[in-house]
Amino acid sequence: MKTGIFYGSTTGVTADIARRIATILGLNDTDIHDVARTAPDSLADYDLIIAGSSTWGNGEIQDDWYDFLDGAQALDLRGKTIALFGDGDETMRDTFCAAIAVLRRRLADTGARFSGEFPASAYSFDSSPALLTDGNMAGLALDNVNHPELSDDRIRQWLKTIIPA
């Protein structure tokens, strides 16, 4: 299964997470894509698309994602799987990792299947648009502000749910 990682990063945290995921998966640098410098149709090259964004302001995605998603929404990605990750700050109690929900909503029309839900019980927040009705987050949520020591273990746990054994 060909895997590609797509991310938008302003401060470098999301880029670092993308590289950590790639290292664990043994991916080449050519399979890690900064959406600021990547054409949306590159998504079609992969069977598994791992996409990540930090959350900004009142729950917005990282700025570089906007144009990328405008192009990606027109793609037919049926038969492909998308797994989402985000980084945020649990003290933003109503928007924690909301970017995951934005990515999922904006990529839903591509026909891809979503994978990689992660238990919300691991976090402390009031509400989040990324919280699904089953009590899971719509993807891997990381808090490198308050709990950076938990990120590597959570990444490994999450990857086991999206990569077939």
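1. Let's start with strand β1, where T3, I5 and Y7 point one way and G4, F6 and G8 point the other way, every one of them buried. Please keep in mind as you read that this is a predicted model. Side chains in a regular strand alternate between the two faces of the sheet. Strand β1 covers residues 3–8, and because 6 of its 6 residues are buried, the strand is largely enclosed by the rest of the structure.

2. Which strands pair with β1? One partner is strand β3 (residues 48–54), which runs parallel to β1 and is joined to it by 6 bridges. Along this pairing, Y7 stands opposite G52 of β3, and G4 stands opposite I49 of β3. Another partner is strand β2 (residues 32–34), paired with β1 in the parallel sense over 3 bridges. Here F6 of β1 faces H33, which stands opposite in β2.

3. Strand β3 deserves a look of its own. It is mostly covered, with 7 of its 7 residues buried. L48, I50, G52 and S54 point one way from β3, while I49, A51 and S53 point the other way. Strand β3 is also joined to β4 by 7 bridges, and these two strands run parallel. In that pairing G52 stands opposite F85 of β4, and G52 is also the residue that stands opposite Y7 of β1.

4. Next, how the strands are connected. β1, helix α1 (residues 13–25) and β2 make a right-handed β-α-β unit. A right-handed β-α-β unit is also made by β3, α2 and β4.

5. Helix α1 has 13 residues and spans 19 Å from its first C-alpha to its last, close to the 18 Å expected at 1.5 Å a residue. Which residues of α1 are buried? They are T14, A15, I17, A18, I21 and A22. These residues lie on the same side of α1, because they cover an arc of only 160° around the axis. The general background helps here: an α-helix has 3.6 residues a turn, so residues three or four places apart point the same way.

6. Now for the aromatic residues: a search of the whole structure finds 4 aromatic pairs. One of them is formed by W65 and F68, which meet edge-to-face at 5.4 Å centre to centre, with 90° between the planes. Both residues belong to helix α2 (residues 65–72), where they are 3 residues apart, about one turn of the helix. W65 counts as buried because its relative accessibility is 1%, under the 20% cut-off. F68 is likewise buried, with a relative accessible area of 3%.

7. Another aromatic pair is that of F85 and W158, also edge-to-face, at 6.4 Å centre to centre and with 65° between the planes. F85 lies in strand β4 (residues 81–87) and W158 in helix α4 (residues 151–162), so this pair ties together parts that are 73 residues apart in sequence. Are these two residues buried or exposed? F85 is buried, at a relative accessible area of 0%, and W158 counts as buried with 0% relative accessibility.

8. It is also worth following the ring pairs that link F6, Y46, W65 and F68 into a cluster. F6 brings us back to strand β1, where this residue is buried. W65 and F68 come from helix α2. As for Y46, the charged end of K2 sits over its ring, 5.1 Å from the ring centre.

9. Two further contacts bring together residues that are separated in sequence. T38 lies in the loop between β2 and β3, and T38 is buried, with a relative accessible area of 15%. From C-alpha to C-alpha, T38 and F68 are 7.9 Å apart in space, although 30 residues separate them in sequence. R156, found in helix α4, is partly exposed, with a relative accessible area of 45%. R156 and L25 are 131 residues apart in sequence, yet their C-alpha atoms are 9.6 Å apart in space.

Methods
Residues numbered from 1 in each chain as written. Predicted model: local features only at pLDDT ≥ 70, side-chain atom pairs only at ≥ 80, totals over all residues. Heavy atoms only, no water. Phe/Tyr/Trp six-rings, centres within 6.5 Å; stacked < 30°, edge-to-face > 60°. Helix = DSSP H or I, 4+ residues; strand = E, 2+ residues; numbered from the N terminus. Buried < 20%, exposed > 50% of the residue type's maximum accessible area, 1.4 Å probe, protein only. Lys NZ or Arg CZ within 6 Å of the ring centre and 35° of its normal. Pairing = 2+ DSSP bridges. Right-handed = clockwise from strand over helix to strand, strands pointing away. Expected span 1.5 Å × (residues − 1). Arc of directions from axis to C-beta.
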